[in-house]
Amino acid sequence: MSGRAEIARQPSTSMRAASPEADPGRDGLLTLRAVCKRFGALPVLTDISLSVARGEVVVVIGPSGSGKSTLLRCVALLEPIQRGSIAIEGTLISRGQDEPGAAVPASAVRQLRHEIGMVFQSFNLFPHLTVLENVMLAPRRVRGLSRQNAETVARTLLDQVGILDKAAEHPARLSGGQQQRAAIARALAMEPRIMLFDEVTSALDPELVGEVLRVMRALAGQGMTMLTVTHEMGFARQVADRVIFMDHGRIVEEAHPDELFTDPRQQRTRDFLARLLEREYGADDRLEPTIAGHRGRQA
């Protein structure tokens with residue numbers, strides 16, 4: 001069992017140290033260059049260039065329809081791209097369909113897909129399998145583990161996400177938070193090098209959000225590379241090395257959370273954060289940290 005899957009029980013409460021903006025020369029693990037994605041004639045992603053360093057946690061925020069989930073689906077090779085390229089440690093995994101040159105061989109895509117784990121907003125657990133069987137399935141079918149070894153891996157991961165006692169249950173008997181932790185364990189069972197999280201708490205009742213975020217914080221604290229779409233601003237401020245704000249399929253701004261949440265440079269970012277916080281807290285002094293930078297710039 002790789003140490004990458006180990007999960008501490010207690011969440012980290014300290015802000016991750018600031019890190020320089022990732023680039024391919026700084027131990028880059030995932031690199032997107034000028035990625036464009038469209039559905040028919042509708043552009044969804046436009047010229048997305050992004051690099052995520054090994055061990056870095058990048059959080060993507062933005063309004064609904066801004067292309068955040070599509071970005072993750074393209075990285076996970078669930079959607080083709082029309083232009084640009086996506087690479088893992090310099091190895092091409094996706095080339096734009098409109099780009100000149102040969103497509104990435106299907107055999108290479110299958111191999112590299114194992115390097116990427118993804119957890120969706122919906123849990124996508126097989127309802128006819130127990131939790132243990134759900135986690136064991138991919139290691140047995142894809143990695144070729146024996147049933148005994150796959151069960152050992154699965155039980156270890158379920159224990160680490162705090163639901164080993166639910167191993168024999170079917171998903172329908174679990175709470176939403178427990179199902180999402182089972183989905184995280186299932187993704188980790190493939191020992192991915194990068195984890196993608198697509199608004200994994202948005203379908204949960206508020207009291208269940210914390211148990212999932214604790215698992216994600218623990219993964220971040222252990223150095224798991226993570227690209228996360230979320231509306232949990234507290235999580236982004238505490239855990240992220242970088243926060244990216246997207247709108248209309250483009251990256252509008254990216255910065256360390258201390259900078260982006262307290263003194264955003266772009267007006268569009270300031271407007272989004274102000275509306276988000278006003279919806280959560282009302283128009284009171286808790287909005288001051290976000291709009292302070294805007295007032296300072298106007299002075």
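A contact is defined here as heavy atoms within 4.5 Å. By this criterion, among contacts between residues at least 6 apart in sequence, 67% join residues at least 24 apart. The model is predicted. Its protein chain has 299 residues, of which 53% count as buried. The chain contains 10 helices and 10 strands.

One open sheet has six strands. Their order is S6-S7-S8-S3-S9-S10, and the pairing is mixed. S6 and strand S10 (250–255) stand at the edges. Each has a single partner strand, so one side of each lacks a neighbour in the sheet. From one strand to the next, the twist averages 20 degrees.

The two ends of this sheet were examined in turn. At one end, S6 runs parallel to S7, and four bridges join the pair. Val119 has Phe197 in S7 as its bridge partner. At the other end, strand S9 (residues 242–247) runs antiparallel to S10, with five bridges between them. Here Asp247 stands opposite Arg250 of S10.

Side chains of a regular strand alternate between the two faces of the sheet. In S6, both faces are covered. Ile116 and Met118 lie on one side, and Gly117 and Val119 on the other; all four are buried.

Helix H6 (residues 206–221) lies across three strands, namely strand S3 (57–61), strand S7 (194–198) and strand S8 (225–229). The helix runs at about 145 degrees to S8.

A second open sheet is formed by four strands in the order S2-S1-S4-S5. Its pairing is antiparallel. The edge strands are strand S2 (42–53) and S5, each of which pairs on one side only. The twist in this four-stranded sheet averages 20 degrees from one strand to the next. Strand S4 (residues 83–88) is joined to S5 by four bridges, and the two run antiparallel. Ile88 has Thr91 in S5 as its bridge partner.

Helix H1 (residues 68–75) packs on this sheet. H1 touches strand S1 (28–39), S2, S4 and S5. The direction of H1 makes about 120 degrees with that of S1.

The loop between strand S5 (91–95) and H2 includes Pro105. Pro105 has a relative accessibility of 49%. The range for partly exposed residues runs from 20% to 50%, so Pro105 counts as partly exposed. Pro105 and Leu92 are 13 residues apart along the chain, and their C-alpha atoms are separated by 9.9 Å.

Open space in the model was then considered. The largest pocket holds about 610 Å³ of space. Its lining comprises 22 residues, and those closest to the pocket centre are Arg113, Ile116, Met118, Ala138 and Met190. Four elements each give two or more residues to the lining: helix H2 (106–113), strand S6 (116–119), helix H3 (131–141) and helix H5 (176–188). By residue class, the lining divides into 14 nonpolar, four polar and four charged residues.

S6 links the pocket to the six-stranded sheet. This edge strand gives two or more residues to the pocket lining. Ile116 and Met118 are among the residues closest to the pocket centre, and both lie on one side of S6, where they are buried.

Definitions and conventions. Residues are numbered from 1 along each chain as its sequence is written. This is a predicted model: local features need pLDDT of at least 70, side-chain atom pairs count only at pLDDT 80 or more; totals for chains, interfaces and linings use all residues. Side-chain values use heavy atoms; hydrogens and water are left out. On a 1 Å grid over the protein atoms alone, a cavity is a set of points where a 1.4 Å probe fits but cannot get out, and a pocket is an open set with protein on both sides within 12 Å along at least five of seven lines; lining residues have an atom within 4 Å of a point. Grid points are joined across faces, edges and corners, and a volume is the space filled by probe spheres set on the points. Ala, Val, Leu, Ile, Met, Phe, Trp, Tyr, Cys and Pro count as nonpolar, Asp, Glu, Lys and Arg as charged, and the others, Gly among them, as polar. Buried means under 20% relative accessible area, exposed over 50%, partly exposed in between (1.4 Å probe, protein chains only). Two strands pair if DSSP finds at least two bridges between them. Axes are lines fitted to C-alpha atoms, for helices over the stretch in contact, and angles run from 0 to 180 degrees between N-to-C directions.
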